[in-house]
Amino acid sequence: MNNSKGLTLIELLGAIVLTFIVGSLVFSVLHQSIENYQQSELRSKAQTDTNRLIYNLTNIHQTSQTYTIEQPTQSSFIVTIERDDITTYEFNGQPFDYELVIDGSPVSIDEPLTFNLQEKPSYSLSVIVTHTDNPRFNPLEITTNITRTTPAGSGENE
């Protein structure tokens, strides 16, 4: 038998196949890790934006006697605060779509909701966040209550 110091074609093909299999596994794990990181970042952004919306709605609720919420697009809201002058708060939560439900009444693009806090100081609030461009994004739902502890117009929170 001839004992040469080179590689045979079968050994070379075997090494290439093994390298390809290991490389495919590493690439698959790396790709999945990047995808999970992106989903985590997207969910974190949705959570942060939703918390900001709820925080601002709570502040408006506690300092105003009357306000109106309208939804010009699926991802934005305009809150009009009626005080001595009219002030607006605008929320834009792109790339997410928001469904805001207050005491069972959804805020829709067609119909704004007006709240008079002299009539009722407490409301249940539900926000559902979806992402239509990303099928892996599970809808985020936050439910809470917003309450005014002092009567509207008492001057303590104004």
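Let's start with threonine 50. Is this residue buried or exposed? Its relative accessibility is 0%, so threonine 50 counts as buried. The cut-off for buried is under 20%. Keep in mind that this is a predicted model.

Where does threonine 50 sit? It belongs to helix α1. And what does it touch? Leaving aside residues up to four places away in sequence, the list is Tyr98, Val127, Val129, Leu140 and Ile142.

Now stay on that helix and move to asparagine 59. This residue is also part of α1. Here the relative accessibility is 30%, so asparagine 59 counts as partly exposed. Partly exposed covers the range between under 20% and over 50%.

Use asparagine 59 as a ruler. How far is its C-alpha atom from that of valine 17? The separation is 63 Å, with the two positions 42 residues apart along the chain.

Valine 17 brings me to the record. UniProt, in an unreviewed entry, puts a "transmembrane region" at residues 12-30. What does the model show there? Residues 12-30 are 100% helix and 0% strand. The C-alpha atoms at the two ends of that stretch lie 27 Å apart.

Next, the whole chain. How many helices and strands does it have? The count is 1 helix and 8 strands. In sequence order, the pattern reads α-β-β-β-β-β-β-β-β. So much for the order; on to dimensions.

The C-alpha atoms fill a box of roughly 105 × 30 × 25 Å along the principal axes. The radius of gyration is 28 Å, whereas a compact globule of 158 residues would come near 15 Å. How much of the chain is buried? Of the 158 residues, 32% count as buried. Then contacts. Take those with a separation of 6 or more: 57% of them come from residues 24 or more positions apart.

Now the sheet. In what order do its strands lie? This is an open sheet of 4 strands, ordered β3-β2-β1-β6, and the pairing is antiparallel. Why do two strands have a side without a neighbour? β3, residues 86-92, and β6, residues 113-116, stand at the edges, and each has a single partner strand, so one side of each has no neighbour in the sheet. On average, neighbouring strands here are turned by 20° against each other, ignoring direction.

How does the helix meet this sheet? Helix α1, residues 9-63, packs on the sheet and touches β1, β2 and β3. The direction of α1 makes about 165° with that of β3.

Let's walk across the pairs. Begin with β1, residues 66-73, and β2, residues 76-82. They pair in the antiparallel sense over 6 bridges. The two form a hairpin, with 2 residues between them. Which residue in β2 is the bridge partner of glutamate 70? That partner is isoleucine 78. Threonine 73 also has a residue opposite in β2, namely serine 76.

Move on to β2 and β3. This antiparallel pair has 7 bridges. Another hairpin makes the link: 3 residues join β2 to β3. Here threonine 80 stands opposite threonine 88 of β3. And is β2 mostly covered or uncovered? β2 is mostly covered, with 5 of its 7 residues buried.

Last pair: β1 and β6. They run antiparallel, joined by 4 bridges. Which residue of β6 stands opposite threonine 68? It is threonine 114.

A word on what holds such pairs together. Strands of a sheet pair through backbone hydrogen bonds, in either a parallel or an antiparallel way.

Finally, confidence. The mean pLDDT over the chain is 87. At least 70 is reached by 92% of the residues. Which element scores lowest, and which highest? β6 has the lowest mean pLDDT of the chain's elements, at 86, and α1 has the highest, at 94.

To recap: α1 holds threonine 50, which is buried at 0% relative accessibility. The helix packs on the sheet, in touch with β1, β2 and β3. And β3 and β6 stand at the sheet's edges.

Definitions and conventions. Residues numbered from 1 in each chain as written. Predicted model: local features only at pLDDT ≥ 70, side-chain atom pairs only at ≥ 80, totals over all residues. Heavy atoms only, no water. Pairing = 2+ DSSP bridges. Axes fitted to C-alpha atoms, helices over the stretch in contact; angles between N-to-C directions. Contact = heavy atoms within 4.5 Å. UniProt positions renumbered as here; feature names shortened; annotations may be inferred. pLDDT = per-residue confidence, 0-100. Rg over C-alpha atoms; globule rule 2.2 N^0.38 Å. Buried < 20%, exposed > 50% of the residue type's maximum accessible area, 1.4 Å probe, protein only.
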